[in-house]
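Please open the structure in your viewer and keep the selection panel at hand. The tour below goes from one selection to the next and says what is found at each stop.

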Amino acid sequence: MGSIPTEPVRVLVAGGSYGGLSAALNLQDLCRGLPPRCGPKPAAGEQQVERPQFEVEITVVDERDGFYHLIGSPLALASEAYAEKCWVKYDDIPALRRAENNIRVLHGTVQSVDPQRKVATYAAHGAATPPLELQYDYFVAASGLRRVWPVVPQSLRRKQYLFEAGDHIRAATAARHGVVIVGGGAVGIEMAAELKLVQPHIKVTLVHSRDKLLSSEPLPEEVKDVSLELVREAGVDVLMSHRLDRTEETEDEHGNKCLRLHFTNGHTMLADQVSLAVSRPTPSTSFLPSSVLDEEGYVKIQANLNFPATTPNAADHFAIGDLVKWSGIKRCGAAMHMGYYAANNIHQRMQNKTADDGSSSSSFLELAEIPPMIGLAVGKKAVSYWPEGGVTAGEEVTKLFFGDDLGFSICWNHLGLGGDKVVSS
């Protein structure tokens, strides 16, 4: 190994959710000579791998002021107590506030990235100052997908988010004619089931335009059939093959204001709250060069998570998580896994650049094709599918995949956000 750089290596991560935090924290581990927290655990008695250490400065830029547990949204928008838990400000995350920590989090937006110059422009949230330039040695795009309300909260600060979620929950609680969730994909199913679980007195109706739930997912029919059984078992009314045409404000027989829903098959019904879970999320990649994106805005990565080979300095630019064009259903587990891979490959690049003989190592991690798989929480029960395990469902599946808090503690502990403290669900 050659000389270690005298100046800290600068790493810029756009996005502070599952993938971005995984990349930052695993890279910090590796640069300290430690095992990466999301990597494979050494067997008992196995000697720890000796890793070269580097001085590194990692900057994470995120539009929110905290880590938001995205897969907990269906419960966060049904329970005010859970909403409090679901969003943790970056300043309050033990793993990011340690004295020896070399990760800083900026609350703002990356506006552009120039791979040739290795410079990004950054605008601070709520600041009147002009955008700043951030120079970097390595860049990781991890800004995910943009999802509309009420699939996820739109607030950028925790305080506003709690108001937003609270108003939504109180409106649902007061619904005389019930709440209608439009869209029978994974999001709609979980929104309907979690609301009914937390607020059992509310009439909750799930409406789907097709004859099968999860109709847009490449999953076996058994998964879709079991999901429908669990939704109904959770107490949710389900209207299949009902496409919403329009809603109009009206009054019921008592003169109370409500909504009338009109469906294309002629059916109508009253409701007090309608939540649309049918919009298609879009990649948050407008700040990247168009040459690295496909027609839908997803980043065209190589198997080692690098930008396309034709990109200037491609080997120093990575993309991970939901915004990449890769096989498999978008999942937080895959995002954290990619974050670990990106951290490993950045660390390997650092080693190669400091090798005395200019040699390069081939120990880069590469993504394999990811088959369709899913874990879906449906009230007290859950359904899961992956090719090797097949379809399983029940309360034990909920415990395994989600714990008692829709996966918050599982993700928190996997990322080591609590430092040395492990939290229970």
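Begin by selecting helix 1 and helix 8, the latter covering residues 332-353, whose axes come within 7 Å and cross at roughly 35°. Bear in mind throughout that this is a predicted model. The crossing of helix 1 and helix 8 is right-handed. To see what makes the contact, show the side chains of helix 1 at Tyr18, Gly19, Ser22, Ala23, Asn26, Leu27, Leu30 and Cys31, and then turn to helix 8, where the partners include Cys332, Ala335, Met336, Gly339 and Tyr340. Coloured by class, the residues of this contact between helix 1 and helix 8 divide into 12 nonpolar and 6 polar, with no charged ones.

Stay with helix 1 (18-31) for the next stop, since this helix and helix 10 (408-415) each supply at least two residues to the lining of the second largest pocket. Which residues lie nearest the centre of that pocket? Select Asp29, Arg37, Gly416, Gly419 and Asp420, which hold that place among the 17 residues of the lining. The second largest pocket has a volume of about 310 Å³, and its lining is made up of 4 nonpolar, 6 polar and 7 charged residues.

Move now to the sheets, and select strands 10, 11, 12 and 16, which form an open sheet of 4 strands in the order 12-11-10-16, with parallel pairing. At its edges you will find strand 12 (237-239) and strand 16 (273-276), each of which pairs on one side only. From one strand to the next, the twist averages 20°. Within this sheet, strand 10 (residues 179-182) and strand 11 (residues 204-207) run parallel and are joined by 4 bridges; Ile181, for example, has Leu206 of strand 11 as its bridge partner. Add helix 6 (residues 186-198) to the selection, and you will see that this helix packs on the sheet, touching strand 10, strand 11 and strand 16, while its direction makes about 170° with that of strand 11.

For the last stop, select strands 13, 14 and 15, an open sheet of 3 strands in the order 13-14-15, with antiparallel pairing. Strand 13 (244-251) and strand 15 (268-271) stand at the edges with a single partner strand each, so one side of each has no neighbour in the sheet. Neighbouring strands here are turned by 25° against each other on average, direction ignored. Strand 13 is joined to strand 14 (residues 257-263) by 7 bridges, the two running antiparallel, and Glu251 stands opposite Lys257 of strand 14.

How values were computed:
Residues numbered from 1 in each chain as written. Predicted model: local features only at pLDDT ≥ 70, side-chain atom pairs only at ≥ 80, totals over all residues. Heavy atoms only, no water. 1 Å grid on protein atoms, 1.4 Å probe; cavity = no way out; pocket = protein on both sides within 12 Å on 5 of 7 lines; lining within 4 Å. Points joined across faces, edges and corners; volume = space filled by probe spheres on them. Nonpolar A, V, L, I, M, F, W, Y, C, P; charged D, E, K, R; others polar. Axes fitted to C-alpha atoms, helices over the stretch in contact; angles between N-to-C directions. Left-handed = near helix turned anticlockwise from the far one by under 90°. Contact = heavy atoms within 4.5 Å. Pairing = 2+ DSSP bridges.
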